[in-house]
Amino acid sequence: MGTIRTTCPYCGVGCGINATVSGARSVKIVGDKEHPANLGRLCSKGTHLGQTVGLEGRLLHPMIGNAQASWDEALDLVAGRMRACIAEHGPDSVAFYVSGQLLTEDYYAANKLMKGFIGSGNIDTNSRLCMASAVAAHNRAFGEDVVPCSYEDLEAADLIVLLGSNTAWCHPVTWQRIEQARKQRGARLVVIDPRRTETAERADLHIAVRPDGDVALFNALLAEMLRRGRVDEAFLAERCSVPTGFWADLGDDPGIPADQFAAFADLVAAHPRMVTLFSQGSNQSVGGTDKGNAVINLHLAMGRINRHGAGPFSITGQPNAMGGREVGGLANTLACHLGFEAGELADAAAFWNAPNMCSGPGLKAVDMFRAVHDGRIRFLWVMATNPAVSMPDAGFVREALARCPTVVLSDVIADTDTAGLADIRLPALGWGEKDGTVTNSERRVSRQRPLFAEPGKARADWQILCDVAGRMGWGHAFAWRTAAEVFREYAAMTALGVRRGKALDLTAWAACTAREYDTMKPFQWGGAHPLADAFPTPDGKARLIAVAPPAARPRDPRFPLRLNTGRYRDHWHTMTRTGLSAKLSTHRREPLLEVHGEDARAHGLADGGLARVATPHGEAVYRVAVSDGQRAGEIFVPMHWTDAMGSNGRTGRLVQPLTDPVSGQPGFKDTPARIEPVVPEWRAFLLTREPVAPAAAYWTRARVEGGWLAELAGEGTVDADAFLPAGERSEAADMARGMRRIVVRGADGELAAALYVTRTGELPARDWIVRQFSRPGASLAEWLAGRPATAQADRGPIVCVCNNVGEQDVRAAIAAGASDVAAVGEKTCAGTNCGSCRPIISRLIDEARAAMKEAAE
């Protein structure tokens, strides 16, 4: 098999990949140099996709309860229960909760089935948690959910503003474009983020705005631009509608120090080619829609939109969040950027020949699970997502799932937190098996193509939906035989919006042949600047939206801190894919509580110890990481860990379920919290060939080469027998220090498992021991000692996952004369692939320079 051009399944950058299958379930991955989104670049996650395509943990057969079933048995049960539920409780008792991991064809089939045939608007997507506020802001300002920019604008910009985006970690390929603009054009970079992230460290100006302080900042900035005469009066008059009293109500308190505000205003005034990238840090707020409109207001008022190098640019988090938005996967949109006005409903009903057309919007994600909890929704079909982990107030969501009479789950993984609460599990195709399209952040449609045969009994999501629709009596409307046929119908349906002046237009693909679909090259609907000629509003003008800073919420003295949540560089969502990769697990093997030193001291926390985070909604336990990048009074934890990967690090149980009143998007970034130390009687780590879920008060596990590494802590006796597999055991112990070490060798004499326990002392470093799983040859004495007999150079933490370069390797290169990131890359290869480690390398260079300067003085 030759090279297959496909698309990465991670973030919304939508990178092209050239995949060469090298075995039954193995593939070589390189970036596609011809794909406009990435031009051959890949991040660490995309680079290591080949480590995640095996069948480990896959759901390969339909399951009813815990019993394997045939497809006919499972589908008959799904259709029968759905039919009975509708008959007894009405169509609104049924809901679909879907995902930005679905392909556009899957999304289209689900949306059509729910809104046109079941007869309810109750389909929503996990994109509600990511980008719904950007959607709402676009609709309010432009009349349609249209991103007005392209990636090429970054390379033409003289000023790039990042709002709520740790771009170097979350969109590394976009970060490379920003780096390129800075190098080639001297573009200036402003990062607006409460945390000093690795992205913020490289900025010309870092503005550590307070949580939910963005509207005040951008309103004051616009007022300052008006005072300086930088508002584009001609553009406003010709292309925009401005509400009465708009300018007087802006306010002039930016909420940041005066010198910072002046510096920011100077940069904005001096650089007309300005792009503002905003992402989850802005959207995941109870005022996220207003934040988006505050950004858009600035660009409209200054005429910095619809031209090369300028515009407000919402960057999506998932590979097909945009495709789902286009087809109508959000509960408050109908289809193809249409709403629920009578004429739009009639047109959609006629196009679908729908017998049971919905009458209006459905329930958004948080409200949907409330309706499941109180019994209004009695049949829930979850597709390609894990809401028992990812939803806010996840404990409540689990209660809802447990109460629901029928929960159906279509997924690729057999045992997720949500799967444990499902009545019927249906095996879906995963990346490398799927066939269809995705749309990225710049509206570029690309193909995902299959690399492998369909495993087990797994089916495409759109096909599963068709099979159920057929059993409901609607097979004639869901008689597609291929993904191309689904796409053609969707493309044809966009004509309904085009007739109403919408920018989304795929009608050129409505009659594409199977070959044209198979050979489709990436294309961008709307062109580089789709709103250049007119805005899709009744008068063709954009709307400036009056927005105000949110009212201060009363503080609860029981929860004096503010909890922020987010992503890690090398993990994705709930780690069902990235958690299988030893390379990607290297960067963060445990979930960390990042806390400022002042707060750590005030609350009795020790760096490297354990701490409990409590909110009004739940508790979780994390490893402590004291960080001066975290502001005092605020703490940060990651979103990724699940019950499958740890005992207590599930962040969703902490987050408050408050939502934006316009978009319905939850506010993940500002939950009241408190922290307290957790001091176990013993600490340990465990290496095994197979994954284990130890019976310990605290545990997390991470994939390593050849097996799994689990970190443990607990009370009372250490039950080694419960942790270790059978085999020949050797043991060393020091009862006075509470130290115990057990090594288990397999029949081949090589290391099968190892347990290292201490009550009062230090545990050995993990990395050398971990390497013994993939590089056998150490002696029994070395295994028990946890170190080699001959001292080896300490490489330090891995800085560059792509090329396996440690911190000490980088420091050595700097000491040898490497004076910039490129020179370090030449000596070590660090930073030469995805670029997400370049901020760390830059920091190490800065530290070395500072040390040399101090020594010289």
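The legends below describe close-up views of a predicted model.

Local features need pLDDT of at least 70 and side-chain atom pairs pLDDT 80 or more, while totals for chains, interfaces and linings use all residues. Residues are numbered from 1 along each chain as its sequence is written, and side-chain values use heavy atoms, with hydrogens and water left out.

**View 1. Buried and exposed residues of helix H18 (residues 394-403).** Helices (H or I, at least four residues) and strands (E, at least two) are DSSP runs, numbered from the N terminus. Ala 394, Val 397, Arg 398, Ala 400 and Leu 401 are buried (under 20% relative accessible area; exposed is over 50%, partly exposed in between; 1.4 Å probe, protein chains only). These buried residues line one face of H18, because they fall within an arc of 160 degrees seen down its axis (directions from the helix axis to the C-beta atoms). The face turned away from the buried side carries exposed Ala 402 and Arg 403. The cover over the buried residues includes helices H16 (365-374) and H17 (387-390) and strands E14 (379-383) and E15 (406-411).

**View 2. Trp 381 in the largest nonpolar core.** A nonpolar core is a set of buried Ala, Val, Leu, Ile, Met, Phe, Trp, Tyr and Cys residues joined through side-chain atoms within 4.5 Å. Among 123 residues, Phe 96, Ile 192, Phe 264, Leu 300 and Trp 381 touch the most other members. Beyond four places in sequence, the contacts of Trp 381 (heavy atoms within 4.5 Å) include Phe 96, Tyr 97, Val 408 and Leu 426.

**View 3. Cys 11 and its closest cysteine sulfur.** The whole structure has zero disulfides (cysteine sulfur pairs within 2.5 Å). Cys 11 is buried at 12% relative accessibility, and its sulfur lies 6.1 Å from that of Cys 15, too far for a bond.
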